[in-house]
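Hi,

Here is the structure I promised to pass on. Have a look at it first, and my notes follow underneath.

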Amino acid sequence: MALNLNDAKSIYDFVVTEGNGIKGLVDSGLSTVPAVYVQPPNERIDKEKAIKLELPPIDLSKLGGPGHAEVAEQIVRAAETVGFFQVVNHGVPLQLLESLKETAHNFFSLPLERKAVYLAPVSPSPLVKYGTSYLPEKEKALGWKDYILMQYTGDDEALRYWPEEIKEVLLEYVRYSIVMVKKLLRVLLENLGVKPDDSMIDVLTGRKTLAMIYYPTCPNPDVTIGIERHSDIGMLTVLLQDEIGGLYVKIEENMNYEKKTEWIEIPPIPNALVINVADMLQVLSNGKYRSAEHAVCNTNINSRVSVPIFTMPLETSTIVPLSQVVEKDGIAHYKEFLFVDYMNNVYKNALNGKKSLNFAKIVQRSQLQAIDQRFSISFFYYTNLTLQSSHATQLDFPTKKMMIDRYSIALFLVFSFLVGALDASAGDADPLYRACVAECEKTGCVGGRCFPQCKFPSDGVANDGPWYMQEPLYLKWKQWDCQSDCRYNCMVDREKEREAVGNGPVKYHGKWPFERVFGIQEPASVVFSALNLAMHFHGWLSFFILISYNLPLRQSKKAYYEFATLWHVYGLLSMNSWLWSAVFHSRDVDLTEKLDYSSAVALLGYSLILAILRCFNVRVEAARVMVAAPFLAFVTTHILYLNFYAFDYGWNMKVCVVMGVAQLLIWAIWAGVTRHPYRWKCWVVVIGGGLAMLLEIYDFPPYQGFFDAHAIWHATTIPLTYLCRHHIAYKLRIFILLSFPSIREKERVCALTIFVSFSRLPLFSFRFFCSFLKKSQDGEVYS
Ligand SMILES: O=C(O)CCC(=O)C(=O)O
Ligand SMILES: [Fe+2]
């Protein structure tokens, strides 16, 4: 198929699918980089600000001689700080290094047929893979490079399967390099207090992957990336780079560099090899050695080649921090795992800084902060309703344990961790989608459809022409702009293409591909939020009518029930919260998000105050004010901070979790000393709520474009709310009927009957049964 440089799909097919690579693209004579290769601005590396690594290369010829200790010290220090160093007199013949670079250039200059035979789907052996991006469907921007990757499993297999043009020279390179790697590893392990024998070193370096990487000269090197930021996964990497440069290492806090820059360049040094610590060495050393985040930038000077050897443990090796280090540190920072599991986990995702190491990290409690705020709020919301119902009955029922509330705490913690593990948005990482959006923002059109919001001419006709060419007025409220229209339409097109090749839907910008209805973004969630709102309204109204009209009032016209006002406010805040949830799901913009989050925080803060007042039975006005004031001040400040200073999700999450857990604990303790006969309703609510939360964890794409897990989850809260509200009103009625003899006799008798049958009768029956048993055992019954 002919290459069309204006069409992202055509470029993708030419470069990735057909295997022409970036080399082919550059040779086709393009003058600017296509959109699929443009990195998001926040991901780009500011090369201007980067500094060069000043460490002189380490002279390995001194190892084993009189200068051994000094060299060992240099190696250790470099591994502990930057995680990168350069070595000379490494034992790899300099002539070999030169011919490696030349061979690499020659290989990538071969005609397509010679290289394309090693493309992953057709390669004669799984040991050899030729390609361009590592995981094109998941990368934020495709990498500006081509590569050939080879697994070394022995000389025979290498000679049989590796490409003819490069195998000899690479085999020689790996033979020399491995000797050096073993020496370096020995030094690094000895420094940790380990005396490694040969077999240990052999296992730790048992797997060797070699690559030749070609970074063609790039017309816009500031916006592309050769290799995305990442850390290597094995033990030690040996890298031969040519004189072009472009390898950058991310500075971390304890590297002793001034904070004025983020990256340091590893400058090319003639005859030197670059060595870097990889993830497994970081794990074994319990974090003492640093597997540094690094990336390769492109240049427009000339094409660059590099030849890395990644040494790794055997696939079946168990990796765990060395006991000698853990004993010293008093804590292991990484868990035990099989190296193959680590590899599989890394290879299924696009390169992403040091995220690969998360697989091995021992999870800290601090991960709680990753909980989805809406999720936690809603959880407490259910819990409040549940306990609110028990609260109404507390008025006159005796005490008994209510275990379910404790289970709900446990449930919460378990779910919290699970939800913390969720991640999103493969769709907007898809290069074809990104290219489509970039194109649309330039032209205002996607696949022949043009959007009035994009205010520039397309096909000679201005998109924001006369009013009759624009959107109807009744749709204008939702304020779709050019970017959102482009995103939506590119998403629709990409999803159709994905569906055509049998791929399921993926998320875009954290959201599933929903179908818009009248411009509403997530119609089902909106409808269910509105129904929740209606349910709360109904509950609140019946509560209000019950308290104010159906039941006797004090002479001052106030309700006898002193907490009525507090619950009214709670009802109002709940309604407010669902209202903004509906709005937010209609149209997710900055303002609606802030309103939604703010009203949720207000509800959560208020319910904490309510929990304290109710559970500690604070009835005196002055005391209530004193308790509530600091909380109100804090919640108000927090909402102002979110809205007008920094919309900090992490901090907000912490605040919500603390407020939520606090009130949950208060209610749980309180519930532990109360009892009511209809607690099954509370159980239904808590268990139902818990099960409903699974929907947030086992997130699934929208059925028919509408009903995703989140929407269904909102749907489930409707009956739960009904159950609670119904319950509260009912219990309150009984309480009041029992307490006020002035109420009509018939109603009183009815209420009493229900009350006794549901609460006292089982108790009497049980007592009667026990005494019957006891008597029968004592022989009294049949005597
Ligand atoms: O090409 C380079 O300089 C580095 C390559 C690299 O980091 C890698 O392949 O993991
Ligand atoms: Fe690397």
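**What I found**

H14 supplies the largest share of the lining of the second largest pocket, eight residues. Before I go on, bear in mind that this is a predicted model.

Staying with that pocket, its space comes to about 690 Å³. The lining has 30 residues, and Asn6, Asp7, Ala8, Ala435 and Glu439 are the closest to the pocket centre. Four elements give two or more residues each to the lining: helix H1 (8–17), helix H14 (431–443), strand S16 (445–446) and helix H16 (482–500). If you care about the chemistry of the wall, the lining splits into 17 nonpolar, six polar and seven charged residues.

Now for the overall picture. The protein has 783 residues, and 53% of them are buried. There are 24 helices and 19 strands. Taking the contacts with a separation of 6 or more, 76% are between residues 24 or more positions apart.

On to the cores. In soluble globular proteins, nonpolar side chains tend to be buried together. Here the largest nonpolar core has 96 residues, and Ile75, Leu100, Ile148, Leu170 and Tyr173 have the most contacts inside it. Helix H7 (residues 167–191) gives the most to this core, with 13 residues. There is also a second, separate core of 29 residues, with Ala564, Tyr570, Leu642 and Cys656 among them.

Which residues does leucine 170 contact, leaving aside its neighbours within four places in sequence? They are Leu100, Met150, Trp162, Leu210, Met212 and Val307. Leu100 is thus a contact of leucine 170, and both are listed among the residues with the most contacts inside the largest core.

Helix H11 (residues 339–347) is another one to look at. Its buried residues are Phe339, Tyr342, Met343, Asn345 and Val346. They sit on the same side of H11, because the arc they cover around the axis is only 165 degrees. The cover over these buried residues includes strand S6 (207–215), helix H9 (279–284), strand S13 (304–312), strand S14 (318–319) and strand S15 (337–338).

Two of those covering elements, S6 and H9, lead into loops that caught my eye.

The loop between S6 and strand S7 (227–230) holds proline 219. Buried or partly exposed? With a relative accessible area of 30%, proline 219 is partly exposed, since buried would mean under 20% and exposed over 50%. Its C-alpha atom is 5.7 Å from that of threonine 32, although 187 residues separate the two along the chain. Not counting residues up to four places away in sequence, proline 219 touches Ser31, Thr32, Val33 and Trp144.

The loop between H9 and strand S12 (294–296) is where you will find asparagine 286. This residue is not a glycine, yet has a positive phi of about 55 degrees. Its relative accessibility is 4%, so asparagine 286 counts as buried.

Asparagine 271 makes a good companion case. It lies in the loop between strand S10 (263–265) and strand S11 (273–277), and has a positive phi of about 70 degrees, again without being a glycine. Asparagine 271 is partly exposed, with a relative accessible area of 39%, whereas asparagine 286 is buried.

Cheers

How values were computed:
Residues are numbered from 1 along each chain as its sequence is written. Chains are lettered from A and ligands numbered from 1 in the order in which they are written. This is a predicted model: local features need pLDDT of at least 70, side-chain atom pairs count only at pLDDT 80 or more; totals for chains, interfaces and linings use all residues. Side-chain values use heavy atoms; hydrogens and water are left out. On a 1 Å grid over the protein atoms alone, a cavity is a set of points where a 1.4 Å probe fits but cannot get out, and a pocket is an open set with protein on both sides within 12 Å along at least five of seven lines; lining residues have an atom within 4 Å of a point. Grid points are joined across faces, edges and corners, and a volume is the space filled by probe spheres set on the points. Ala, Val, Leu, Ile, Met, Phe, Trp, Tyr, Cys and Pro count as nonpolar, Asp, Glu, Lys and Arg as charged, and the others, Gly among them, as polar. Buried means under 20% relative accessible area, exposed over 50%, partly exposed in between (1.4 Å probe, protein chains only). The arc is that of the directions from the helix axis to the C-beta atoms. Contact means heavy atoms within 4.5 Å. A nonpolar core is a set of buried Ala, Val, Leu, Ile, Met, Phe, Trp, Tyr and Cys residues joined through side-chain atoms within 4.5 Å.
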